[in-house]
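I am opening a notebook page on a structure that is new to me. I will look at the whole chain before turning to its parts.

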Amino acid sequence: MRKLLLPLVLTATFGSSLAWAAEDAKTAPAAKPAPAAEYKSKSPQLKRAEFEALLAQPESLLIIDLRRPDELTAIGGLPVYLSIQAKDLEKSLAYIPKDRTIVTVSNHSGRSGVAADFLTAHGFKVAGALGAQTYEAEGGSLTKIEPRPSNTAEAEKR
């Protein structure tokens, strides 16, 4: 009898806890996603269609991706771009051609909007700022980048 009583008590206790948890989940309000940060830059925030229209003329376009390498590998990027991290933009101005229309890129347009305003103030022709994740959410396609294995990983394979 004792052998049957313990499993029965455990089952009843555990089962009722699961039932209460399931009922709490039904009545609890759904968690709302965090609101996107408000875009505050003066430069236009480009939508997918606007950006793809610019891509149709690659000879006159320069895409500057301001994200860190780990962001590019985790999220993906555009097929061709000049990679300048946001913190290095000012000291890289001499390397940016002034004869091209520029689109700046970050994850959600925050950094790229600031960079677009900065470049405009320095005499560059800027079409606007693009958020890579926003572009992808609107149906755009990002190129996924596989990180190169480190030298230690290659040495372990040998």
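The entries below go from the overall picture to the cores, a pocket and a single tyrosine.

**Entry 1, confidence.** I noted to begin with that this is a predicted model, and I looked up how confident the predictor was: the mean pLDDT of the protein is 80, and 72% of its residues reach 70 or more. I marked residues 4-34 for caution, since pLDDT stays under 50 there and the model has zero contacts for this stretch beyond four places in sequence.

**Entry 2, layout.** I counted six helices and four strands in the protein, and reading from the N terminus I wrote their order down as α-α-β-α-β-β-α-β-α-α. Of the 158 residues, 30% are buried. When I took the contacts with a separation of 6 or more, I found that 67% of them join residues 24 or more positions apart.

**Entry 3, the cores.** Which residues touch the most other members of the largest nonpolar core? In this core of 14 residues they are Ile64, Leu89, Ile96, Ile102, Leu119, Phe124 and Val126. Strand S1, helix H4 (110-121) and strand S4 (126-131) each supply at least two residues of this core, and H4 gives the most, with three. I then followed Ile64, leaving out residues up to four places away in sequence, and listed its contacts as Leu82, Ile84, Ile96, Ile102, Val103, Thr104, Val105 and Leu119. There is also a second, separate core of 13 residues, with Leu46, Ile75, Leu78 and Leu142 among them.

**Entry 4, a pocket.** I turned to the second largest pocket, which holds about 190 Å³ of space. Its lining consists of Leu55, Pro58, Leu61, Leu62, Ile63, Leu78, Pro79, Val80, Tyr81, Leu82 and Arg100, and I sorted these residues into 10 nonpolar, no polar and one charged. Strand S1 (residues 61-65) contributes three residues, the largest share of this lining.

**Entry 5, tyrosine 39.** Where does tyrosine 39 sit? I found this residue in the loop between helix H1 (2-27) and helix H2 (48-55). Is tyrosine 39 buried or partly exposed? Its relative accessible area is 22%, so I recorded tyrosine 39 as partly exposed, given that buried means under 20%. Not counting residues up to four places away in sequence, tyrosine 39 touches Pro44, Gln45, Ser109, Gly113 and Ala129. I looked at one of these partners further: serine 109 lies 70 residues away from tyrosine 39 along the chain, yet their C-alpha atoms are separated by 7.3 Å.

Note on methods. Residues are numbered from 1 along each chain as its sequence is written. This is a predicted model: local features need pLDDT of at least 70, side-chain atom pairs count only at pLDDT 80 or more; totals for chains, interfaces and linings use all residues. Side-chain values use heavy atoms; hydrogens and water are left out. On a 1 Å grid over the protein atoms alone, a cavity is a set of points where a 1.4 Å probe fits but cannot get out, and a pocket is an open set with protein on both sides within 12 Å along at least five of seven lines; lining residues have an atom within 4 Å of a point. Grid points are joined across faces, edges and corners, and a volume is the space filled by probe spheres set on the points. Ala, Val, Leu, Ile, Met, Phe, Trp, Tyr, Cys and Pro count as nonpolar, Asp, Glu, Lys and Arg as charged, and the others, Gly among them, as polar. pLDDT is the predictor's confidence in each residue, from 0 to 100. Contact means heavy atoms within 4.5 Å. A nonpolar core is a set of buried Ala, Val, Leu, Ile, Met, Phe, Trp, Tyr and Cys residues joined through side-chain atoms within 4.5 Å. Buried means under 20% relative accessible area, exposed over 50%, partly exposed in between (1.4 Å probe, protein chains only).
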